[in-house]
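Here's a walk through this chain, one piece at a time. Keep the viewer open and follow along.

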Amino acid sequence: MSSDLIFLEISQDLQSAKDDQRLYNPINFETRVRAIDFIDFHIINRIDIIHQNSTPNPDFTRIRRSAEELKEQLEAINRALFAHLRETIKSKKLYPSELNELLISHLDNAYNREADQPGYDYLDELINGILCESTLPEPTIVREPEMVFYQQTPARIIFKLAEMLQVDEVLYDLGSGLGHVPILINLLNGNKTVGVEFEPAYHRYAVGKATQLKLNDVLFINEDARKVDYTNGTVFYLYTPFEGNILQEVLDKLKQESFQKPIRIFTYGPCSFQLAKQSWLICSDTKVKDIYKLYEFRSYRDHRKFIEVTPKGRYF
Ligand SMILES: C[S@@+](CC[C@H](N)C(=O)[O-])C[C@H]1O[C@@H](n2cnc3c(N)ncnc32)[C@H](O)[C@@H]1O
């Protein structure tokens, strides 16, 4: 393609982005993020590649500057939107279900909350914008080999988890990282939540966020999950925070809790397979086979009299 034709194509792309009025309305978050990505990859990067291979062309330089300005304008709308949503949360004027709907209304109509696909999506971008405006902390202590590094649960999975909880249940997130699960579950469903995190820098960040949002029913404990007292916990969430012996040790501790009261454990990621092997737990699915699915396990209430479990997890 000749340089004139490329220039024409890029100019038209930029003009149609500028003319798209939907992009300036804060509610259209997903549309705007898609447009920012388009400007980055199809306009700015494209011009950079052209300039790497030839002498910089003043027309391309000018249009690149204009694309940068539009991108900055759209990003500023997003920053204002995040600040507005943070204020809405702090004001406590919305019921959890209203907040849930408000957040989802910023995504395109086709947004599928039920998808068990891998990876993050625009809901994560929105939630990260609201919850992660400051620089993310670096870990400060060395993990044991079986402890898993921080990776956040995709937001659609947290929304799904919120829908599966009764409001009077106390949820523990074991290995809570930056605190998204306890914070979002409290916001979306009103549950009391507790995050247990081994890394002090993540713990401090999570406490700061909950304090900033004035969330009184969200508690964070900076401790190894093997050492925490779970007496008041009824629901536990694990996004594979640890593996092998550590996971087994924590599960044995939860099993002790289940002697006192029925408990539920929700899992995401590879740890689901180890839970499926616990004879005192029943999985709500017939078989655990997908690491990108949220699984629910229930304690077998009277498991001291428990006789046998089939490979499918059904009891006789
Ligand atoms: C995969 S991340 C999950 C983060 C968070 N639960 C989420 O879903 O967004 C695992 C987290 O567990 C923490 N962790 C690992 N071993 C731990 C332990 N023994 N006790 C408490 N936290 C631990 C890690 O520091 C990390 O933040």
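Helix H5 (residues 122-131) is mostly covered in this predicted model: eight of its 10 residues are buried. The buried set is made up of Tyr-122, Leu-123, Asp-124, Leu-126, Ile-127, Gly-129, Ile-130 and Leu-131. What sits over them? The cover includes helix H2 (29-53), helix H3 (58-91), helix H4 (96-104), helix H6 (155-163), helix H7 (180-189) and H8. Take a look at the start of H5 too, where a side-chain oxygen of Asp-121 comes to within 2.9 Å of the backbone nitrogen of Leu-123.

H8 (residues 200-212) is one of those covering helices, and Val-207 lies in it. Is Val-207 buried or partly exposed? With a relative accessible area of 33%, Val-207 is partly exposed, because buried would need a value under 20%. If you want a feel for distances, try Val-207 against Asp-4: they are 203 residues apart in sequence, and their C-alpha atoms are 55 Å apart in space.

Now for the sheet. It's an open one with seven strands, in the order E3-E2-E1-E4-E5-E7-E6, and the pairing is mixed. At the edges are strand E3 (218-222) and strand E6 (281-283), each of which pairs on one side only. Ignoring direction, neighbouring strands here are turned by 20° against each other on average.

Strand E4 (residues 235-239) is a good place to zoom in. Five of its five residues are buried, so E4 is largely enclosed by the rest of the structure. Val-235, Tyr-237 and Tyr-239 point one way from E4, while Phe-236 and Leu-238 point the other way. Both groups are buried.

Which strands pair with E4, and in what sense? Strand E1 (residues 170-174) pairs with E4 in the parallel sense, and E5 also runs parallel to E4. Strand E5 (residues 264-268) in turn pairs with strand E7 (residues 295-299), this time in the antiparallel sense. Here are the three pairings together:

| Strands | Sense | Bridges | Residue pair |
|---|---|---|---|
| E1 and E4 | parallel | three bridges | Leu-171 opposite Val-235 |
| E4 and E5 | parallel | five bridges | Leu-238 opposite Thr-267 |
| E5 and E7 | antiparallel | four bridges | Thr-267 with Tyr-295 |

Thr-267 is worth a click: Leu-238 stands opposite Thr-267 in E5, and the bridge partner of Thr-267 in E7 is Tyr-295.

On to the cysteines. How many disulfides are there? A search of the whole structure finds zero. Cys-271, for one, is in no disulfide: the nearest cysteine sulfur is that of Cys-283, 11 Å away. A pair counts as a disulfide only when the sulfurs are within 2.5 Å, so that distance rules it out. Cys-271 counts as buried at 3% relative accessibility. Cys-132 is buried as well, with a relative accessible area of 17%, because the cut-off is under 20%.

Finally, zoom out to the whole chain. There are 10 helices and seven strands, and the C-alpha trace spans about 80 × 40 × 40 Å along its principal axes. Of the 316 residues, 48% count as buried. The chain exposes about 16100 Å², and carbon and sulfur atoms supply 52% of that. As for contacts between residues at least 6 apart in sequence, 72% join residues at least 24 apart.

Key:
Residues are numbered from 1 along each chain as its sequence is written. This is a predicted model: local features need pLDDT of at least 70, side-chain atom pairs count only at pLDDT 80 or more; totals for chains, interfaces and linings use all residues. Side-chain values use heavy atoms; hydrogens and water are left out. Two strands pair if DSSP finds at least two bridges between them. Helices (H or I, at least four residues) and strands (E, at least two) are DSSP runs, numbered from the N terminus. Axes are lines fitted to C-alpha atoms, for helices over the stretch in contact, and angles run from 0 to 180 degrees between N-to-C directions. Buried means under 20% relative accessible area, exposed over 50%, partly exposed in between (1.4 Å probe, protein chains only). Contact means heavy atoms within 4.5 Å. Accessible areas come from the Shrake-Rupley method with a 1.4 Å probe; for residues, only the protein chains shown count as cover. A polar contact is a pair of N or O atoms within 3.5 Å; within protein, one must be able to donate a hydrogen and the other to accept it, and residues adjacent in sequence count only if both atoms are side-chain atoms.
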